[in-house]
Amino acid sequence: MFFDINKIMIGLLLVAASFASCKKLIEIPQNPPAEITRQEQFTDSASAISAVAGVYTYDTGTGFAYSDGTLTYSTGLSSDELTYTQTDDRQEFYNYTLTPINSGITSLWSYPYQSIYQVNDVLNGVTNNNGLSASFVKQVTGEMEVVRALYYFNMVNLFGGVPLVTTTNYAANEHIPRNTAAAIYSQVFKDLADARKKLTSAYPSSGRARPNLYTAVALLAKVNLYQGNWQNAYNEADSVIKSGLYSIADVPLSGVFLDGSNEAIWQIPAATDYSGVADAQLFVPYYPGAPLNYLLATPLVSAFEAGDQRFQNWVGSAVSGANTTVYYPYKYKDRQPGTPPEDQMILRLGEVYLIRAEAAAHLSNLTQALADVNVIRARAGLAASTADATSQAAVLNAVMHERQIELFCEWGNRWYDLKRTGTAATVLGAEKTGYSADAALYPIPEAQIQLDNLLIQNPGYTN
Amino acid sequence: MNFYPLTKRALKSRRRPLNQLFRIMKLTAFIITIAILQVSARVAAQKVTLNEQQVSLEKVFKDIRLQTGYDFLIDNGLVEKAGPVTINVKNADLKDVLDVILQSPLAYEVVNKTVVVKNQQPSLFENLKDKAAKLLALPADVHGKVIDSLGQPIIGANVILSIKGYSYGTVTDNKGEFQLNKLPQERYTLVITYVGYDKLEKVVDLNGSDLSLNLVLHNSSSVLDQIQVIAYGTESKRFNVGSVTTVTAEDIEKQPVSNPLLALQGQVAGLNITATSGIPGSQVLVQVRGQNSLNVFPNLNNTIANPTKPYDQPLFIVDGVPFAAQNNNVNQLASLVTAQTYTGGVNNGAQVGISPFNNIDPADIESITVLKDADATSIYGTQGANGVILITTKKGKAGPTNFDLTVNTGFNSASHPVQMLNTQQYVQLRENALAADGLTPNSNPNDYTGAYAPDLTIFDQNKYTNWEKAIYGQNTSNTDVHGSLSGGTANNTFIISTGYDKSTYDYPGDFADQRYTLHSSLHHGSTDNRFSVDLTTDFGYDQNNSSGFDGGSDVVLPPNLPNLLGPSGNLIWNYKGVDLTTDQFYAGLQEPTYLQNYNFNTAFHISYKLLEGLTISANMGYNRNSTNENSQMPAAAQNPAGFVLRQSNFGVTTFQTVNIEPQINYTKKIGRGIFSALVGGTYKKNVSNSTQVDASGYSSDFLLNSVNDAPQTSVYNMDTYDIYRYSAGFARLNYIYNSEFILNLTGRRDGSSNFGPTHQFGDFGSAGAGWIFTEEKAVAKALPFMSFGKLSGSYGTSGTDGAYAYQFLSLYKTIQYFPAFQGISPTSPFNLYNPDYSWAVKKSLNVALDLGFFNNRVLLNATYYRDREGNQLVQSPLPIQVGLPAVLENLNATVQNKGYEFTINTTNIQTKNFSWKTNFNLTFNRNKLIAFPNLANSTYANTYVIGQPTTIVYGFKYKDVNPTTGLFEFYKADGKTVTSNPAYGLPSAGGDEVPIADQQVKYMGGFGNNFTYKQFSLYIFCQFADQNAQNYLAQVYTSYQLGFEYNEPEAVLGNYWEKPGDVAQLQRLASGYSSSAINTALKFGQSSGIYSNDTYLRVKTVSFSYQLPNTFLNKVYIKGASVFVNAQNLFTFTNYKAGDPETPGLFTGLPVQRILAFGLNLKF
């Protein structure tokens, strides 16, 4: 009797077990309808290019970082460009009372890393991929390296040495310490040098939204300048200017930031078809008379020379309360896109002239330096610089002054300039209170240190 | 005595050895299998009406069986001997009728609803033999066969033949037969017991001649022995070792609710049912024995005080088919339903929506079974880790065709409305608020000092509108009609029922939820009872018409606000230059939202008995739940002075399940016990998808029904998709020894498509054991009043794959809502590659003591359980340098739920005319996080605390109102320092946010009393719960600041600080955001001050019915009729102020409804 049962039961259990272990029964399609796997994404250039487009798409969190205006307002407040009229935690940038839980800090740290992951994933996807043509891989690799260099360049300037991540395996990257600033710079140089080999002078698509050779070179000029490699900075800037692809003289001040601007080396379209770039959303009032959150700081307003056309073109004004006129950044004017629309400027020839000017001044080529400054001044409707052409210090001052005016509220230039030239303490210390050497670097977000306890907080901040 | 089937006339009476004769008896069709119709049995008990002319005895028996439910046992030969019968009686006693038709030489005996017909005179030879045996005191054999009222043999019934001191026991075999040999001559008591059947007791005189007995067991009337549905089968409470509770149609029918889940509230220990609002069709949350999982999707920012927590809900199975939508919202567009933000006690941020169960008619449900512990659920494996709810719909019953019609109509109103301030009180409050801020109200809208107060300077100071009443005050109606046709023969039964239900909204407007259902079930069994098929099909169509915008929050409109509607019902947007756009809720009510939900469920069961005791079967099912939605924003509902944009949104949501479960059942008597085995497999496929199209820019309000007429550039689409495939093999082995010891083992292997290729399979199992100690003679003797006692326990594992498909892959998706980049559609990665995660595992321990006293008139159950879910599947936060904020992985964290459940069922009084029955249940569940590695360094740091419940809430610890400053004061993180300005963030970040409240339910339960007196019956059911929940101040201090231009609940009056020295509950008023008191007010909204005890007792159901007398009904050819009044949520006793205690923290929402329904039930 028991024998029978056993025999039956064993048979049945075998049937059940085979039912349970059948992999066929739990097979599902390889990918969900609205999503594809990484392998599928990089099967051919037509789909791989979508991932590349994703890197540039102006969408905080999953696309192009710094697309939310945070880089502009934070560095503008920390330097002497902006003041803030509200009382939320953005005020901490102005007062140098930043805490590691500041929401702006979180954006500045997190979005670039999310973008870097995308870049790394694209690089990973196109490398050793037989489905893609060599020229395509070359172009995309170069572009992605420029993007990565841009991110790390800004990260190192905002935070100092940060974790250097160039791969996509989270397990390998989730518990790593900060690299030194030098290591970050070295990666930036490496990426740009490689990009320079891979890219050509032709933009890969219409407009100047995706980097070409000179985008890499212009960024290389900027990085060399920041690192004090004057000759390299000079040479790179020189080659951009001499490429003949860009011009300043025929670009009116009102047209600098428009799509198709001939001054643009790298500019990215606004986030959507129905809104302007983030900076316009930040600064331009909703309607005439609407409250302003950000005002141009007095040191900047008073730094404009009389008759500077840039004041007319790039500064907006409003009357507040008791007949006080207040000013706001007005480089980007359209909350809603106009025709042609405005693009977010990342690199332009004006800056490259000033890079060459500064490098030339350091190389004691003072005539060249002033000549470059005067190119900028001429477009602004100003007479040639009156700086003493024999004094390196005077010429450098003229260059820095021109940088302050020409590049105000453009992604941290002023904040970075004050820091790299060692003038932050003097300038900011005189203009407002609270600045200390520690304030030169922003804190690392607290949550990130909790998640990766190898990250050491910047001095002057407590978690 | 020989037994032959009545229907097998070919078999002639033959003399054969007894054992051969009994073999014939396996042809058990001699019982014409008409099940007992409970109603007719009760009403017309033992009364017979017959008008037969010259018909066979067999025919008469059939008719009597139909009328009385009595079965007949008769020898074929005797039928032939008896010849034709003529009888004409009306409402005669059964006994009288039997006396007439069973005259000599026939005699009869009535044993337990069975009429045994026999020959009066034994033959001469038999007489002699018997006499001799008696004289010689020869031992004799007893042979018997036990069958049920359908003629099926009962395998494993316990047979005990006893006489003072001795007893002879055995168990029936696979044919339902038993044999006891060589028994001495005595007068014995024979007791036959079997699960699900009433005990059969009979005196047996053994006088030397062999005895053969035919015994019929009847379905049990005791709660203990009633069959309840369990996983893949049925079992009685007596032999069940798992934790299983069943709510039957009887309890459901008395509650005039349209969502069957609501009928479970308070009925089942360990089951927490939460109504999210009083809106018709709205979601009902269900949880069995607490929260087991932790998964929270982390934020980039670590500072959010109260993150969204998950809420585990059980697996829902309808007629064996996993319900495709489970308990997910079926809607995706906003409507009045979603406008009710539910916060009460759950803190899962669940967006309230339309419940999928709204499309099942409670009247079609036969029973709802709740499976709670590992023994009961582990056969469902990974799907059953959070408990299982089995819904079984009504099946046809053999008998005359029966038509049953129930009509009821009811009136609803808010069960616990909030009293808001009247104009005079409001104006006073506002004036005080402005004065507190040193402001003089003015009518200048450009005054940014905060002194602009149109309610005090422009609006009529005497006008009064009770907005609570205007918005929620409409008396609504409920109409419910349900008709059911059922009947059939033993081998073919059917039921077809249809229902219509309409519930209207309290809101002003033509809003209603209407449901149309069609239920049917067919059963066919072959005449040899080897083969059977069942097909059950349900179709439900639910139409929910409401509007797209909430008027709910507008109960806080100033009571002196000007009229919002003109004399012709036109919308008023402006009053003396004051823009009323934000107050104009009637506009929102003119934005129609249409929802149509279709539920189709079909369950097919087929089984074939291969051998005696061995049955192969299969369940196959398909469920589809789909929803079409359209919400419109016509220009007519928009302020013409603003930017008018006509908009129309379209949504389609579909959930589907295919389920196939082949099974083999094996039952065999082994020794003195019964062994049964179930081996089976499951294949399940779930697919859900939704599509939404948002279109705008229409040129006319009349085109909003179609997407075609919107300009192409303003159409936005999105869809979602999820697929799940699951397969499993399982076995359940059960052995019941001597009706005393029970052992139950289950094991299974599960495969889930949610996991990476190497982690798809997992093994789970459980063991359960029970000891019915009252079967021990010593116990029975020592405790004679104890009729039943069982100690049982179980331990087992189950898993959770609570993840979506494809989460282990690195995936790319199109970046939505952003234009193509240079003509290229952009994509971005959104998932990190982690193929290594696998099942979260729950280990459950359950120990239960069941006691029955006084012949089981008092039944008690006490259960202790401890569930621990470990290897938690969570979105583990990652430092962002890796690219994405989190990855799904297993975390070695453990959540424990531990608790006690008590259930009591008593029959207090049971007389001929009067009965009183009581049931009671009480549950204590304690949830605790017992392990979480490196919690302090994770983003869960402000969500959970080790050693504390997972329902913990972070915030500021509130102290009181400073009598001098009149401001709220709080404790800093150290718990000692007092401040009116605590810092946001955790103490580790320098903040002052600490755990301030635990929202878990402390205890809950329900008790019901059922009285019947003659034709009257009265049922009163009360439900209660105790928890710590948000009070009305939560909304006051987070959304409608006290002193602002909002009306407030009356409860604030006299409670706020006015001048130094006042000891007040609430701080000084603040008139606007520029007030110096606003900061502390906002902090208070994040503090322990907005939590308080919420204990309530609700008279949930009162049901009164009257059964019309038969004498009257017989004249109008109606078998039965009753009228009834059912009331739901009749009274509430609570310490909870302002708002409904069931939906705490939300005084602006539409509260749970009080329903009063009047109805009529007719049976034809």
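So, Tyr608(B) sits in strand 29 of chain B; strands here are DSSP runs of E, at least two residues, helices are H or I runs of at least four, and both are numbered from the N terminus. This is a predicted model, where local features need pLDDT of at least 70, side-chain atom pairs count only at 80 or more, and totals for chains, interfaces and linings use all residues. Residues are numbered from 1 along each chain as written, chains are lettered from A and ligands numbered from 1 in written order, and side-chain values use heavy atoms, with hydrogens and water left out.

Back to the tyrosine. Tyr608(B) counts as partly exposed because its relative accessibility is 35%; buried would be under 20% and exposed over 50%, with a 1.4 Å probe and protein chains only.

Tyr608(B) joins Phe531(B), Leu610(B), Leu611(B) and Ile616(B) in a nonpolar surface patch, with about 410 Å² of accessible area together. Patch members have over 30% relative accessible area and no salt bridge, and nonpolar side chains are joined within 5 Å; a salt bridge is a Lys or Arg side-chain nitrogen within 4 Å of an Asp or Glu carboxyl oxygen. Areas are Shrake-Rupley, 1.4 Å probe, and for residues only the protein chains shown count as cover. Strand 29, residues 592–611, gives the most to that patch, three residues.

Now, helix 5 of chain B, residues 94–101: its buried residues are Leu94(B), Val97(B), Leu98(B) and Ile101(B). Down the axis they fall within an arc of 100°, so they line one face of the helix; that arc is taken from axis-to-C-beta directions.

Overall, chain B has 16 helices and 54 strands, and 59% of its 1164 residues count as buried.

Definitions and conventions: Patches are made of residues with over 30% relative accessible area and no salt bridge: like charges are joined within 9 Å, nonpolar side chains (Val, Leu, Ile, Met, Phe, Trp, Tyr) within 5 Å.
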